[in-house]
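Colleague: Got a minute to go through this one with me? I'd like to start with the surface and then work inwards.

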Amino acid sequence: MPQAERLSDRLESWFRSPGLKTVGSLTELFGEKSFAVLFVLLLAVPALPVPTGGVTHVFELIAILLALELIAGRKTVWLPERWRRRELGPAQQKRFAEVLVRRIRWLEQHSRPRLGFLLTHRLSGVGFGVLVLALTVTAFLAPPFTGLDTLPALGVVLLSLGLLLDDAALAVVGVVIGAVGLLLVLVLGKLAYEGARGLF
């Protein structure tokens with residue numbers, strides 16, 4: 001039986017293939033796994049040190065909509081046509097192909113299926129959506145230019161990769177990292193608010 005093509009290989013082929021690299025074309029490529037794959041790609045923008053060109057919040061809004069769809073029980077991705085046509089710029093494509101794919105490949109080499117049944121339970125999709133929603137909203141609301149959106153976004157990326165690789169341990173690591181990021185945003189955001197209020 002032929003070995004299934006790895007996620008990193010499929011992503012690398014997609015990045016290097018001719019044609020526009022849009023959210024819609026990625027959905028068509030990965031089918032039922034599109035939710036998790038899209039979370040990896042969309043939240044990698046704030047999670048990785050790549051130039052965003054101002055699209056960070058746009059990608060986070062798309063991820064929030066997808067998380068709400070999961071919570072509502074959808075099995076397939078629905079997006080407005082305008083968002084489906086949202087394209088990654090050439091510079092982002094190059095950096096993603098070089099940085100994101102390389103890191104996913106490293107995880108594939110060190111990850112192994114662990115407690116995969118926890119990730120395939122009928123309620124796991126709803127729980128996945130709730131976690132992604134909480135962490136993505138945290139990244140979205142993080143004060144700009146502070147880097148505080150990095151940990152919540154990274155948490156979503158690792159959680160999603162845990163589902164794609166059937167590795168519950170990796171998913172738990174993602175949840176922990178995301179929770180730390182959420183706590184930092186809350187604590188430092190509160191301190192910043194109190195400091196600003198003290199000036200008036």
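Colleague: How much area does the chain expose, and what share of it do carbon and sulfur atoms supply?
Modeller: Bear in mind that this is a predicted model. The chain exposes about 10,900 Å². The share supplied by carbon and sulfur atoms is 65%.

Colleague: What percentage of the residues in the chain are buried?
Modeller: The cut-off here is under 20% relative accessible area. There are 200 residues in the chain, and the buried ones make up 43%.

Colleague: How many helices and how many strands does the chain have?
Modeller: Reading from the N terminus, the elements go α-α-α-α-α-α-α-α-α. That comes to nine helices and zero strands.

Colleague: Of the contacts with a separation of 6 or more, what percentage comes from residues 24 or more positions apart?
Modeller: Take the contacts in the chain with a separation of 6 or more as the base. Residues 24 or more positions apart account for 71%.

Colleague: Which residues of α7 are buried?
Modeller: Helix α7 covers residues 124–141, so 18 residues, and it reaches 26 Å from first C-alpha to last, close to the 26 Å expected at 1.5 Å a residue. Its buried residues are Phe128, Gly129, Val132, Leu135, Thr136, Thr138 and Ala139.

Colleague: Why does Leu186 count as exposed, and what is the area of the nonpolar patch it belongs to?
Modeller: Leu186 sits in helix α9, residues 168–198. It counts as exposed because its relative accessibility is 54%, and the cut-off is over 50%. The surface patch also includes Val172, Val176 and Leu191, among others, and its accessible area together is about 790 Å².

Colleague: Is Arg16 buried or exposed, and which residue does its side chain meet in a salt bridge at 3.6 Å?
Modeller: With 57% relative accessibility, Arg16 counts as exposed. The partner is four residues away, about one turn along helix α1 (residues 7–16), and counts as partly exposed at 23%. At 3.6 Å, N to O, the partner is Glu12.

Colleague: Which residue pairs with Glu28 in a salt bridge?
Modeller: Glu28 has a relative accessible area of 62%, so it is exposed. Its side chain meets that of Arg84 at 3.3 Å, N to O. The pair links distant parts of the chain, 56 residues apart, with Glu28 in helix α2 (residues 23–30) and its partner in helix α5, namely Arg84.

Colleague: Is Glu69 buried or exposed, and which residue does it bridge to?
Modeller: Glu69 has a relative accessible area of 6%, so it is buried. Its partner is partly exposed, at 37%. The salt bridge, 3.8 Å from N to O, is with Arg74.

Colleague: Which residues do salt bridges with shared partners join into one network?
Modeller: The structure holds seven salt bridges. Those that share partners join Arg6, Asp9, Glu12, Arg16, Arg105 and Glu108.

Colleague: Which residues does Thr76 contact, leaving aside neighbours within four places in sequence?
Modeller: Thr76 lies in the loop between α4 (56–71) and α5 (81–84), and at 47% relative accessibility it counts as partly exposed. Its C-alpha is 9.1 Å from that of Thr27, 49 residues apart along the chain. The contacts asked for are Phe35 and Glu69.

How values were computed
Residues numbered from 1 in each chain as written. Predicted model: local features only at pLDDT ≥ 70, side-chain atom pairs only at ≥ 80, totals over all residues. Heavy atoms only, no water. Patch = residues over 30% accessible without salt bridge, like charges linked within 9 Å, V, L, I, M, F, W, Y side chains within 5 Å. Areas by Shrake-Rupley, 256 points an atom, 1.4 Å probe, with all protein chains shown as cover. Salt bridge = Lys/Arg side-chain N within 4 Å of Asp/Glu carboxyl O. Helix = DSSP H or I, 4+ residues; strand = E, 2+ residues; numbered from the N terminus. Buried < 20%, exposed > 50% of the residue type's maximum accessible area, 1.4 Å probe, protein only. Contact = heavy atoms within 4.5 Å.
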